[in-house]
Structure formats: structure tokens, C-alpha cells
Amino acid sequence: MSRRTTVAHRATAAVAVAALLGVASCAVGPEPAPPVTAVAAASPAAPTTGPAAPSGAPAATPVVPTRVPETLTFTAKTLDGTRFSAAELAGKPVVLWFWAPWCATCASQAWTVAEIAPKYRDTVPIVGVAGLGEQKAMKEFVTEFDLAGTPQLDDRAGALWRRFEVVEQSTFLIIDRDGRVVHQGFLDGESLSRRVAELAG
């Protein structure tokens with residue numbers, strides 16, 4: 001083979017090597033970014049309301065409103081004049097205590113209510129429903145038995161007593177988490193404490 005042919009072959013080989021290196025250099029490195037439309041399509045939709053969650057924090061779970069059962073669709077005024085809405089207790093077991101200020105049985109139960117009601121305020125609210133008496137006597141009863149920390153409704157007109165068909169004092173009416181009346185009648189202090197503890201579970 002002549003010297004000229006050898007040089008020509010080497011030149012051809014060099015061109016081929018350079019071409020291969022050029023192809024290899026194109027294959028190395030970051031891939032081209034996807035179009036903006038593709039990124040938007042793959043990303044979840046951003047929330048339209050509420051503050052943005054901090055970086056790395058889990059997304060907030062939407063709050064599902066609690067269904068208000070028929071038994072808790074009433075409002076009233078407490079003995080101190082505060083508006084009371086039973087709907088705010090939906091989703092919890094609730095104890096309604098129907099009492100009268102002159103009732104000796106109610107007086108004996110008042111000590112138990114005063115003792116356990118603050119403990120279960122957030123899990124099993126106990127709500128007094130005062131009736132069959134004068135407001136002044138009702139307020140004195142609340143003060144004497146230290147019931148001020150428990151909602152005490154002023155039902156002198158008897159609206160709630162009639163609504164729940166309560167015909168005597170002292171009556172405890174227990175409503176479960178689903179709004180069903182699961183007890184209506186007398187409970188002594190020990191039985192009341194046990195039932196409330198069971199409901200708090």
C-alpha cells in the first residue's frame with residue numbers, strides 16, 4: 001500500500017472518530033426540560049382557598065361538617081342569659097338533666113353533676129334544664145350546689161320539658177353520638193357516673 005493511500009485512510013478514520021465523539025457528547029448531560037404544558041398537566045391542582053401549607057408539611061384535611069340530629073336542633077337561654085345552641089354538641093354523647101329548684105332528689109344529684117361535669121365537659125357534656133320554678137330560686141340552686149361551670153338552661157316556660165316529654169324531676173336524658181335517646185329516667189349518682197364514663201369511653 002502506498003504512503004498516500006495510508007495517509008488517506010488515517011484521515012478518514014480520524015473524521016469517523018471525531019464524528020463518534022460528537023454524537024457521544026450530545027448523549028451526555030441533562031435531558032431537555034419537558035414543555036410547560038406537560039408539567040402543568042402532571043401537577044395536582046392547587047387549592048383555591050385557604051393559606052398555603054408550609055413546605056414539607058402534610059396537606060390539611062378538609063373539615064366535614066357534623067350532621068345535627070333532630071334531638072339537638074334546639075336553642076335556649078342559660079340562667080345567666082347566654083344563648084345556647086344544642087347543635088354545637090352534635091357528634092358527642094350528651095346528657096340533659098331536667099331538674100327543679102325545690103326538688104330534694106335533684107339536690108342530692110346536684111353534687112354528683114357538679115363533680116363529674118367539668119371532667120367530661122369536652123367528651124360528654126352535661127346540660128341542666130331547669131324548670132317548674134322561679135328564676136331566682138333556680139339561680140340560688142346553681143350557686144348552692146356549685147353548678148355554674150355547667151350550662152344550666154332556663155326552661156321556666158317548659159318548652160324543652162314538653163319537647164322531650166319529661167313529666168317528672170329529676171330526669172336524665174342521654175343522647176348518644178348519633179343523636180338517639182338511649183336513656184330517659186332516673187339515675188342515682190353512682191349510675192350517672194358510670195354511664196357518663198362509659199360514654200366517654
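# Strands, rings and a pocket

Me: Is Phe-145 buried or exposed?
Reply: The model is predicted, so every value here is computed from predicted coordinates. Phe-145 has a relative accessible area of 6%. Residues under 20% count as buried, so Phe-145 is buried.

Me: How many helices and strands does the chain have?
Reply: From the N terminus on, the elements run α-α-β-β-β-α-β-α-β-α-β-β-α. The chain has six helices and seven strands.

Me: Which strand order does the open sheet have?
Reply: The open sheet has five strands, and their pairing is mixed. Strands of a sheet pair through backbone hydrogen bonds, either parallel or antiparallel. The order of the strands is E5-E4-E3-E6-E7.

Me: Which strands stand at the edges, each with a single partner strand?
Reply: A strand with a single partner has one side without a neighbour in the sheet. This holds for two strands, E5 and E7 (181–185).

Me: What does the twist average from one strand to the next?
Reply: The twist is taken between successive strands of the sheet and is given as an average. Its value is 20°.

Me: How many bridges join E3 to E6?
Reply: E3 and E6 run antiparallel. Among the residues bridged across them, Val-95 has Ile-174 as its partner in E6, and Trp-97 has Phe-172. The number of bridges joining E3 to E6 is five.

Me: In which sense do E3 and strand E4 (residues 126–130) pair?
Reply: E3 and E4 pair over five bridges. Val-95 stands opposite Ile-126 in E4. The sense of the pairing is parallel.

Me: How many residues of E3 are buried?
Reply: In a regular strand the side chains alternate between the two faces of the sheet. Val-94, Leu-96 and Phe-98 point one way from E3, while Val-95, Trp-97 and Trp-99 point the other way, and all are buried. The count of buried residues in E3 is therefore six of six.

Me: Why is E6 largely enclosed by the rest of the structure?
Reply: Thr-171, Leu-173 and Ile-175 lie on one side of E6, and Phe-172 and Ile-174 on the other. Residues on both faces are buried. E6 is largely enclosed because its buried residues number five of five.

Me: Which residue takes a positive phi in the hairpin of E6 and E7?
Reply: E6 and E7 pair in the antiparallel sense over four bridges, and Leu-173 has Gln-184 as its bridge partner in E7. The hairpin has five residues between the strands. The residue with a positive phi, near 90°, is Gly-179.

Me: Why is the pair of Trp-97 and Phe-172 given the name it has?
Reply: The structure holds 10 aromatic pairs. The ring centres of Trp-97 and Phe-172 are 5.9 Å apart and the planes stand at 10°. Planes under 30 degrees apart count as stacked, so this pair is stacked.

Me: How many residues apart are Trp-97 and Phe-172?
Reply: This pair links distant parts of the chain. Trp-97 is in strand E3 (residues 94–99) and Phe-172 in strand E6 (residues 171–175). Their separation along the chain, in residues, is 75.

Me: What is the relative accessible area of Phe-172?
Reply: Trp-97 counts as buried at 0% relative accessibility. Phe-172 is buried as well, and its relative accessible area is 0%.

Me: What kind of pair do the rings of Trp-111 and Phe-145 form?
Reply: The ring centres of Trp-111 and Phe-145 are 4.9 Å apart. Their planes stand at 75°. Angles over 60 degrees are the cut-off for the name, so the pair is edge-to-face.

Me: In which helix is Trp-111?
Reply: The pair with Phe-145 links distant parts of the chain, 34 residues apart. Phe-145 is in the loop between helix H4 (135–144) and strand E5 (152–154). Trp-111 is in helix H3 (residues 104–116).

Me: Is Trp-111 buried or exposed?
Reply: Its relative accessibility is 52%. A residue over 50% counts as exposed, so Trp-111 is exposed.

Me: How many nonpolar residues has the lining of the largest pocket?
Reply: About 170 Å³ of space lies in the largest pocket. Its lining includes Leu-79, Asp-80, Lys-139 and Gln-152. By class, four residues of the lining are polar and two are charged. The number that are nonpolar is five.

Methods: Residues are numbered from 1 along each chain as its sequence is written. This is a predicted model: local features need pLDDT of at least 70, side-chain atom pairs count only at pLDDT 80 or more; totals for chains, interfaces and linings use all residues. Side-chain values use heavy atoms; hydrogens and water are left out. Rings of Phe, Tyr and Trp (its six-membered ring) pair if their centres lie within 6.5 Å; planes under 30 degrees apart count as stacked, over 60 as edge-to-face and the rest as tilted. Buried means under 20% relative accessible area, exposed over 50%, partly exposed in between (1.4 Å probe, protein chains only). On a 1 Å grid over the protein atoms alone, a cavity is a set of points where a 1.4 Å probe fits but cannot get out, and a pocket is an open set with protein on both sides within 12 Å along at least five of seven lines; lining residues have an atom within 4 Å of a point. Grid points are joined across faces, edges and corners, and a volume is the space filled by probe spheres set on the points. Ala, Val, Leu, Ile, Met, Phe, Trp, Tyr, Cys and Pro count as nonpolar, Asp, Glu, Lys and Arg as charged, and the others, Gly among them, as polar. Two strands pair if DSSP finds at least two bridges between them. Axes are lines fitted to C-alpha atoms, for helices over the stretch in contact, and angles run from 0 to 180 degrees between N-to-C directions.
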